[in-house]
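Got your viewer ready? Let's take a walk through the charged side chains and then drop in on a couple of cysteines.

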Amino acid sequence: MSEEKTTHFGYKTIDTEQKQAMVADVFHSVASKYDLMNDLMSFGVHRLWKRITIDMSGVRPGDQVLDLAGGTGDLTKKFAKIVGPQGKVVLADINSSMLNVGRDRLTDQGYVGNIEYVQANAECLPFEDNSFDVITIAFGLRNVTDKDAALRSMTRVLKPGGRLLVLEFSKPTNPLMSKAYDLYSFTALPFMGKLVTNDADSYKYLAESIRMHPDQETLKGMMENAGLVRCSFHNMTSGVVALHRGIKP
């Protein structure tokens with residue numbers, strides 16, 4: 001069977017090898033205003049979604065944590081407090097602009113000593129097998145070209161008994177919410193992007209990429225196929241966002 005040579009960039013079909021660079025351009029463009037846009041786009045609710053993710057991770061003092069696609073470091077900051085000086089948090093992101101913003105922000109706030117910064121591709125993580133107690137990827141999986149490869153790679157570097165948590169936009173469970181969400185995503189988001197970052201196209205891509213992402217049950221099945229067990233998902237804000245959780249046997 002011939003290897004698939006195309007993939008999606010939002011609603012566009014592109015050559016697979018183009019996607020990584022095109023996604024990189026989006027995040028280079030929005031990195032400096034990423035946190036502000038998150039607050040505007042979600043009316044601040046993304047902070048609650050992330051807090052629930054941390055609560056459900058079961059992270060403990062001394063744990064080794066990988067915050068993948070960690071961007072500007074929201075989750076890393078909270079994890080660093082919990083794991084303490086005996087633990088470690090690795091903030092990894094494929095995008096150098098996002099990684100630099102995250103590192104500068106956390107360093108300026110005094111978060112040093114138990115945080116490492118690694119530029120890494122989720123599809124082929126540069127870590128030893130069985131390295132982490134917890135891995136989180138928040139609003140990053142939908143931008144990965146080969147999601148199955150990324151889930152396998154994450155499973156490989158988890159310790160047995162370790163937890164993977166995927167926080168991602170998903171499929172609304174309420175038809176009215178779904179219609180309102182579509183209207184908001186394809187009109188308000190590009191408008192805000194233009195206003196705040198002078199970049200409407202990147203936010204149009206983000207809206208489209210959400211629609212192309214696997215739904216809740218499909219992603220749960222992909223996690224099981226990657227070798228995780230006891231996979232489940234928790235819908236938030238009527239399924240606008242879902243938190244998936246799986247454990248390495």
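**Stop one: a pair within a helix**

Start by selecting Glu224, which is partly exposed, with a relative accessible area of 39%. Keep in mind as you go that this is a predicted model. Now add Lys220 to the selection: this one is partly exposed too, at 22% relative accessibility. Colour helix 9, residues 216–225, and you'll see that both Lys220 and Glu224 sit in it, four residues apart, or about one turn of the helix. Draw a distance between their side chains and you have a salt bridge, at 3.8 Å from N to O.

**Stop two: a buried pair**

Next, select Lys50 and Asp74. Their side chains form a salt bridge, at 2.8 Å from N to O. Show helix 3 (residues 46–57) for Lys50 and helix 4 (residues 74–83) for Asp74; because the partners lie in these two helices, the bridge ties together parts that are 24 residues apart in sequence.

Buried or exposed: which is Lys50? Turn on a surface and check: Lys50 has 11% relative accessibility, so it counts as buried, the cut-off being under 20%. Asp74 is buried as well, at a relative accessible area of 12%.

Keep those two on screen and add Arg105. Lys50, Asp74 and Arg105 are joined into one network by salt bridges that share partners.

**Stop three: from a helix to a loop**

Now select Arg156 and Asp129. Here is another salt bridge, with the closest N and O atoms 2.7 Å apart. Arg156 lies in helix 6 (residues 147–157), while Asp129 is in the loop between strand 5 (115–119) and strand 6 (132–138), so this bridge links parts that are 27 residues apart in sequence. On the surface, Arg156 counts as partly exposed at 29% relative accessibility, and Asp129 is partly exposed at 45%.

How many salt bridges does the count come to? The count is nine, including those you have just selected.

**Last stop: the cysteines**

Clear the selection and pick Cys124. At 52% relative accessibility, Cys124 counts as exposed, because the cut-off for that is over 50%. Then jump to Cys231, which counts as buried at 10% relative accessibility. And how many disulfides are there to look for? The count comes to zero, so no pair of cysteine sulfur atoms lies within 2.5 Å.

Technical notes
Residues numbered from 1 in each chain as written. Predicted model: local features only at pLDDT ≥ 70, side-chain atom pairs only at ≥ 80, totals over all residues. Heavy atoms only, no water. Salt bridge = Lys/Arg side-chain N within 4 Å of Asp/Glu carboxyl O. Buried < 20%, exposed > 50% of the residue type's maximum accessible area, 1.4 Å probe, protein only.
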